[in-house]
Amino acid sequence: MEFKGIVYHEFPKAMYVHVPFCASICAYCDFARVKYTSVLFDKWLAVIRKELDSVSTNEMRTIYIGGGTPSSLSIEQLDVFLGLLDRFSGVEEYTIEVNPETLSLEKCMMLKKHGINRISMGVQSFQSHLLKMMDRKHCVEDIMQCLAWFKEVGITNCSIDLMYALPKQSMEDWENDLAIACSLDVSHISLYSLTIEPNSKFGRWGVEPIDGDLEFEMYEYAIDYLSSHGFDHYEVSNFARNGLCSKHNIAYWKYDDFYGIGLGSSGKLGKYRYTQTMNFVEYFNETLDMEIVELDDSDERFEAIMMGLRMLEGICIEEYNCRYKVDLLALYEGAINENIRRGWLEIVDGYMCVTRDGLYLLHEVLLEFMND
Ligand code: SF4
């Protein structure tokens, strides 16, 4: 099989598709996105159609449409774009990212018509002053209205994003956000701590990060609060109710292969990891300048650990040994022993996983593996 010049041997079962349009630009954002116009949409559609055509399988277990704001497209545009993905069958989990202010009941019906069965909604906060500070354009009523629409059209698996470590965000704000989130009919919560990117508005305005101790306190509080309110903490920043973990993201954390389609997207095909251009002109002109990295055996073994330790259940040692034809405990003996000695790692029932302390220090945990 071949995709954009990369030769690989097994079809991935997961696909990420990037929609780069946003109705407005948030203050913290430096993603691959552009303000939506219908002229740009037409140009983009032609390129994404070709990209999707070059995926030479019709079988996919998970599809994740992210952005940008995919819901910023008009109903007609959503219909045409999602129609390009209708050929994929066997899709167990089909997610689209939405922002509350860009949705309508008709758009929700359109999502349902094309088989979407999971929503990831950019809520970020339920506090008006924080939404305003982030330049988010929705209000709390918009969020509640969207949840009602999802229910009405029969999309019952809904994840929300919440942000913490925001400037001017008090502990009380954060506690309120988590309490409201738990009171809603949502199956999944993803937490994001603010990073001030130099190219974002926050970066340009010189916004300072909050105190590290407060950030840690917010994270710890969230783990305890969500865990005691029916959410299973299954990944560093992700929590699921009723077993509704993100199957698509688990494919990343299990270091499976996946296609990345669209501006700035990344994918992994066998021994190759690729990242597409974030430059709109290059993308629209189809001078698809892709960065391709060929992974050697030790890269793969390390990256599988880097991704796998993000999950609370950790890495199945037997599976890892089979996949890479090594003895994990012997291969990384030094790193494992040192991390266990520090109380950051443990081996439980055949799985290697981080402890609660190790969760927050994952970067340090991985440094040991990198240096081993
Ligand atoms: S955070 Fe999301 S919605 Fe906001 S500008 Fe960035 S991509 Fe668009």
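**Strands, domains and a ligand shell**

Student: How many bridges join E17 to strand E19?
Tutor: Good place to start, and keep in mind that this is a predicted model. Strand E19 covers residues 351–354, and E17 runs antiparallel to it. The number of bridges joining the two is 2.

Student: Which residue in E19 is the bridge partner of Cys316?
Tutor: Look along E19, which spans residues 351–354. The bridge partner of Cys316 there is Tyr351.

Student: Which strands stand at the edges of the sheet?
Tutor: The sheet is open, has 3 strands paired antiparallel, and follows the order E17-E19-E18. A strand with a single partner has one side left without a neighbour in the sheet, so we look for those. They are E17 (315–316) and E18 (345–348).

Student: What angle does the direction of helix H14 make with that of E18?
Tutor: Helix H14, residues 333–341, packs on this sheet and touches both E18 and E19. Its direction and that of E18 make an angle of about 105°.

Student: How far apart do the C-alpha centres of domain 1 and domain 2 lie?
Tutor: The protein is divided into domain 1, residues 2–252, and domain 2, residues 314–372. Their C-alpha centres lie apart by 30 Å.

Student: Which residues of domain 1 lose the most area to domain 2?
Tutor: Happily, we can work down from the whole contact, which takes 9 residues from domain 1 and 4 residues from domain 2. The two domains bury about 570 Å² between them, with 61% of that on carbon and sulfur atoms. On the domain 1 side, three residues together account for 56% of what is buried there: Phe216, Tyr219 and Val236.

Student: How many charged residues does the shell around the ligand have?
Tutor: The residues around the ligand include Cys22, Tyr28, Phe31, Gly68 and Asn99, and among them are also Arg33 and Arg136. By class, the shell has 6 nonpolar and 4 polar residues, and the charged ones number 2.

Student: Is the peptide bond from Gly67 to Gly68 cis or trans?
Tutor: Gly68 is one of the residues around the ligand, and its place is in the loop between strand E6 (62–67) and helix H2 (75–83). Omega for the bond from Gly67 is near 25°, and the bond is cis.

Student: What phi does Gly270 take in the hairpin of E14 and E15?
Tutor: E14 (residues 266–269) and E15 (residues 272–275) pair antiparallel over 4 bridges, and Ser266 has Thr275 as its partner in E15. The hairpin has 2 residues between the strands, and Gly270 takes a positive phi near 55°.

Note on methods
Residues numbered from 1 in each chain as written. Predicted model: local features only at pLDDT ≥ 70, side-chain atom pairs only at ≥ 80, totals over all residues. Heavy atoms only, no water. Near = heavy atom within 4 Å. Nonpolar A, V, L, I, M, F, W, Y, C, P; charged D, E, K, R; others polar. Pairing = 2+ DSSP bridges. Contact = heavy atoms within 4.5 Å. Axes fitted to C-alpha atoms, helices over the stretch in contact; angles between N-to-C directions. Domains from an automatic or database assignment. Buried area = accessible area lost by both parts, 1.4 Å probe.
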